[in-house]
Amino acid sequence: MSFIKGFKVADQELSAGTTLLHEGENSAFVYTVRSGWAIRYKLLEDGRRQVLNFVLPGDLIGLQASLFSEMEHSVETLTPVGVCCFPRERFLELAQEGAGLAFDVIWLTAREEQAISEHLLSVGQRTALERVAYVLLYLHDRLALLEKVRDGAFEAPFSQQLLADVLGLSLVHTNKTLRKLVDRGFVRWTQGTIHLVNLADLRELACYPRRRPQRRPFL
């Protein structure tokens, strides 16, 4: 931990709507998220957007730019976000310092790959109803590990349009599908809060993977 503190060059506070990393560009820093919400996304030339994943506290971002010549996706904040900044050119020192730190970095990247694989399965094979149920359960489980879920309810600082960009659906289709879950009594979404009801049946509906959630390292 003392090495991590010495390796970190700054803490940074970002306002909502800040693009921290740009696709196609490099970055002088690798970041770990201390607080807040962000998204990883890719854009087509005509402006269509695919949200790849949500970024939450404990996540590592900017690793692509430390290993390759440029970022393959962008990162934008949804809420005020606090990050720790680590110099890109010194990042390999982190892995060389010890097996424990190297494993933490590998764990975080492997967990991101696992999430992307599941999201790709959703876009390719899950029905619209299953997709919406899946992503809400995914957020519930991630936030539960961060102790940010209370009685099935959690903060949802994003619009239905952003949810549509996650799901690969139109806004209209997303709205109608979400309404079905609300009407069936599975979900309540009010004033920026999502409340999931009857988690067992919702997991069955979503064909949700039955794996034990694991606590992530927090660099």
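This passage walks through a predicted model of a single chain, starting with the overall picture and then turning to a few local spots.

The chain runs to 219 residues, and 47% of them count as buried. Its secondary structure comes to 8 helices and 11 strands. Among contacts with a separation of 6 or more, 72% link residues that sit 24 or more positions apart. About 11,400 Å² of the chain is exposed, with carbon and sulfur atoms supplying 52% of that area.

Helix H8 is a handy place to begin. Three of its residues, Leu202, Leu205 and Ala206, are buried. They span an arc of only 90° around the axis, so they end up on the same side of H8. Ala200 and Glu204, on the other side of the helix, are exposed. As for what the buried residues of H8 pack against, the partners are helix H5 (128-145), helix H7 (171-183) and strand E11 (193-196).

Ala206 deserves a closer look. This residue belongs to H8, which covers residues 199-206. Ala206 counts as buried because its relative accessibility is 0%, and the cut-off for buried is under 20%. Setting aside residues up to four places away in sequence, Ala206 touches Arg126, Glu130, Ala133, Tyr134 and Leu137. One of these pairings spans a good stretch of sequence: Glu130 is 76 residues from Ala206 along the chain, yet their C-alpha atoms are separated by 4.3 Å.

Right after H8 comes Cys207, with a positive phi near 55°. Cys207 is not a glycine, and it lies in the segment that follows the helix. Most residues other than glycine have a negative phi. Glu147 is another non-glycine residue with a positive phi, in its case about 60°. That residue is found in the loop between H5 and E9. Glu147 counts as exposed because its relative accessible area is 56%, and the cut-off for exposed is over 50%.

H5 also turns up in the setting of a small sheet. This open sheet has 3 strands in the order E9-E11-E10, with antiparallel pairing. Strand E9 (153-155) and strand E10 (187-190) are the edge strands, each pairing on one side only. From one strand to the next, the twist averages 20°. H5 packs on this sheet and touches E9, E10 and E11, with its direction at about 85° to that of E9. Within the sheet, E10 and E11 run antiparallel and are joined by 4 bridges. Arg188 is opposite His195 of E11. E11 is also one of the elements that the buried residues of H8 pack against.

Elsewhere in the chain, strand E7 (residues 74-77) pairs with other strands. Ser74 and Glu76 point one way from E7, while Val75 and Thr77 point the other way, and all of them are buried. In a regular strand the side chains alternate between the two faces of the sheet. E7 pairs with strand E2 (residues 19-21) in the antiparallel sense, over 2 bridges. Here Leu21 has Val75 of E7 as its bridge partner. E7 also pairs with E4, again in the antiparallel sense, and this time over 4 bridges. In that pairing, Ile39 has Glu76 of E7 as its bridge partner.

E4 itself covers residues 38-43, and Arg40 sits within it. What about the exposure of Arg40: is it buried or exposed? Despite the charged side chain one might look for at the surface, Arg40 counts as buried because its relative accessibility is 7%, under the 20% cut-off. A polar atom of the Arg40 side chain lies 3.2 Å from the backbone oxygen of Leu60. Leaving out neighbours within four places in sequence, Arg40 is in contact with a string of residues, including Gln50, Val51, Leu52, Asn53, Val55, Asp59, Leu60 and Ile61. His73, Ser74, Val75 and Glu112 are among its other contacts. Two of these residues, Ser74 and Val75, are also among those that point opposite ways from E7.

How values were computed
Residues numbered from 1 in each chain as written. Predicted model: local features only at pLDDT ≥ 70, side-chain atom pairs only at ≥ 80, totals over all residues. Heavy atoms only, no water. Buried < 20%, exposed > 50% of the residue type's maximum accessible area, 1.4 Å probe, protein only. Contact = heavy atoms within 4.5 Å. Areas by Shrake-Rupley, 256 points an atom, 1.4 Å probe, with all protein chains shown as cover. Arc of directions from axis to C-beta. Polar contact = N/O pair within 3.5 Å; in protein donor to acceptor, adjacent residues only side chain to side chain. Pairing = 2+ DSSP bridges. Axes fitted to C-alpha atoms, helices over the stretch in contact; angles between N-to-C directions.
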